[in-house]
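Colleague: Before we discuss the empty spaces and local geometry of this model, could you display it?

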Amino acid sequence: MNNLDHLDKLRELDPQGMLAVEEGFYQQLQQGVEIAGQSDLSKISGKKYSGVVFTGMGGSGISGDIITALAADSSQAPMVSVKGYRLPRFITKDWLVVASSYSGNTEETLSCVQQAMDMGATMLFITSGGRLEQLVQDYDSVSAITVPAGLQPRGAFGYLFMPAYLALAQLGLLAVKQSHIEEGLEIVKKLSSQYNRKVETGKNFAKQVAVNIGDRLPLVYGQEGYLAPIAYRWKCEINENAKTPCFWAQFPELNHNETVGWERLDKLTKDFALIILSRPEGHPRIRARVEATKKLIDNNLGKVIEIPVKGQSSFAQAISTLYTGDIASVYLALYHGVDPTPVEKIEKLKAELAKLD
Ligand code: F6R
């Protein structure tokens, strides 16, 4: 294990600078807000949409999951997030299709975009280039928001998420309060100085999460609403940055199945670290379930790590909890001497599939 306070070692282990990307998360969110403000949505404004469908995969698709969950409390428009090749049959040309792909070349997303073009649907693209950007020349009913290139898609969350979220607000499809955005950004700003590499492990919660996971298999529990996609994001970031298996589930659904599964294999599950994303002021029945579940399964697990959400608004809670997971997953990589940036298996898979074309 590496000492996370040895700055030279951290630099050596992270030649492409994923930790610096995470340390700059606040600035990226701010730039995302600016990009949204400068975007030209004239081609897709002033229309009445039946709903919004997001299409995107992995680090680009998570924005759709989070926006859909946040919108459930504030939007009357139906919203769905599609992670695959096909849009559901109930999507008609009257829906707004939001396609998010950092590279602009992800085949599942392009397949949904093709389907939308065949239908004549109106679209919004969020991309840094690739095929998606080229398609803007060939199709009329589309606005594109182009974001800075050169990052890993998962490291470009602020660029991908903020413009999509704020564009929907601009189009009247989502209610977004300026004060909530300010609260979220303010908390992230504070956290980014607390989580900076220069802050030693004893005072740095993100480093502590990584050290507490250590060699255990992490399992992340979210809860219904926007903490479900945030738990999923934690899992994906631990997979991709720390190259570590990780699984996730959400309250209350997990109480109806997963909770029972802790009865066997306790030799194995003693090596699990359970990470619980909790909202102390959330639904009282969910709080009760979290406490009761901890009591039931505590003996079967190596470690329980609670992550209490920060802030009052859903937006602030979602974005700050996501941030803690993102940077903790990079520290977990560095703790184990793993370069957080490359995702060779994703690249190999894409290359393998390209051979079949
Ligand atoms: C890699 C990453 C992946 C990609 C996914 C889709 O950093 O996060 O999950 O996001 O393979 O590719 P893009 O984002 O280019 O559409």
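Colleague: What is the volume of the second largest pocket?

Modeller: This is a predicted model, in which local features need pLDDT of at least 70 and side-chain atom pairs count only at pLDDT 80 or more, while totals for chains, interfaces and linings use all residues. On a 1 Å grid over the protein atoms alone, a pocket is an open set of points with protein on both sides within 12 Å along at least five of seven lines. Grid points are joined across faces, edges and corners, and the volume is the space filled by probe spheres set on them. For the second largest pocket, this gives about 200 Å³.

Colleague: Which residues lie nearest the centre of the second largest pocket?

Modeller: Residues are numbered from 1 along each chain as its sequence is written, and side-chain values use heavy atoms, with hydrogens and water left out. A lining residue has an atom within 4 Å of a point; α4, α8 (178-194) and α13 (314-335) each supply at least two such residues here, helices being DSSP runs of H or I with at least four residues, strands runs of E with at least two, both numbered from the N terminus. Of the 13 lining residues, those nearest the centre are S74, Y165, A175, H180 and S314.

Colleague: How many residues of each class are in the lining of the second largest pocket?

Modeller: Ala, Val, Leu, Ile, Met, Phe, Trp, Tyr, Cys and Pro count as nonpolar, Asp, Glu, Lys and Arg as charged, and the others, Gly among them, as polar. On that basis, the lining has eight nonpolar, three polar and two charged residues.

Colleague: Which helix supplies the largest share of the lining of the largest pocket?

Modeller: About 1,000 Å³ of space lies in the largest pocket, and 34 residues line it, with E240, V343, I346, E347 and K350 closest to its centre. The lining divides into 12 nonpolar, nine polar and 13 charged residues. Four helices, α4, α5 (107-119), α10 and α14 (344-355), each supply at least two residues. The largest share, nine residues, comes from α14.

Colleague: Which element gives the most to the lining of the largest cavity?

Modeller: A cavity is a set of grid points where a 1.4 Å probe fits but cannot get out, and the whole structure holds three cavities of 30 Å³ or more. The largest cavity contains about 50 Å³ of space and is lined by G58, G59, I62, R154, Y232, R233, C236, E237 and E240. Both α4 (58-71) and α10 (227-242) supply at least two of these residues. The most, five residues, are given by α10.

Colleague: How many charged residues are in the lining of the second largest cavity?

Modeller: About 40 Å³ of space lies in this cavity. Elements giving two or more residues to its lining are β1 (52-55), α4, β2 (79-82) and β3 (96-101), with α4 contributing the largest share, three residues. Its lining has three nonpolar and seven polar residues, and the number of charged residues is none.

Colleague: Where do the buried residues of α12 lie, on the same side or on opposite sides?

Modeller: Helix α12 (residues 284-297) reaches 20 Å from its first C-alpha to its last, close to the 20 Å expected for its 14 residues, the expected span being 1.5 Å times one less than the number of residues. In α12, I286, V290, T293, K294 and I297 are buried, that is, under 20% relative accessible area, with exposed meaning over 50% and partly exposed in between (1.4 Å probe, protein chains only). Because these buried residues cover an arc of only 100° around the axis, taken from the directions from the helix axis to the C-beta atoms, they lie on the same side.

Colleague: Which residue of α12 is in contact with Q223?

Modeller: Q223 is in strand β6, and β6 (217-223) is among the elements covering the buried residues of α12. Contact means heavy atoms within 4.5 Å. Leaving aside neighbours within four places in sequence, the contacts of Q223 include A228, Q250, F251 and, from α12, I286.

Colleague: What is the phi of K243?

Modeller: K243 lies in the loop between α10 and β7 and counts as partly exposed, because its relative accessibility is 38%. Most residues other than glycine have a negative phi. K243 is not a glycine, yet its phi is positive, at about 50°.
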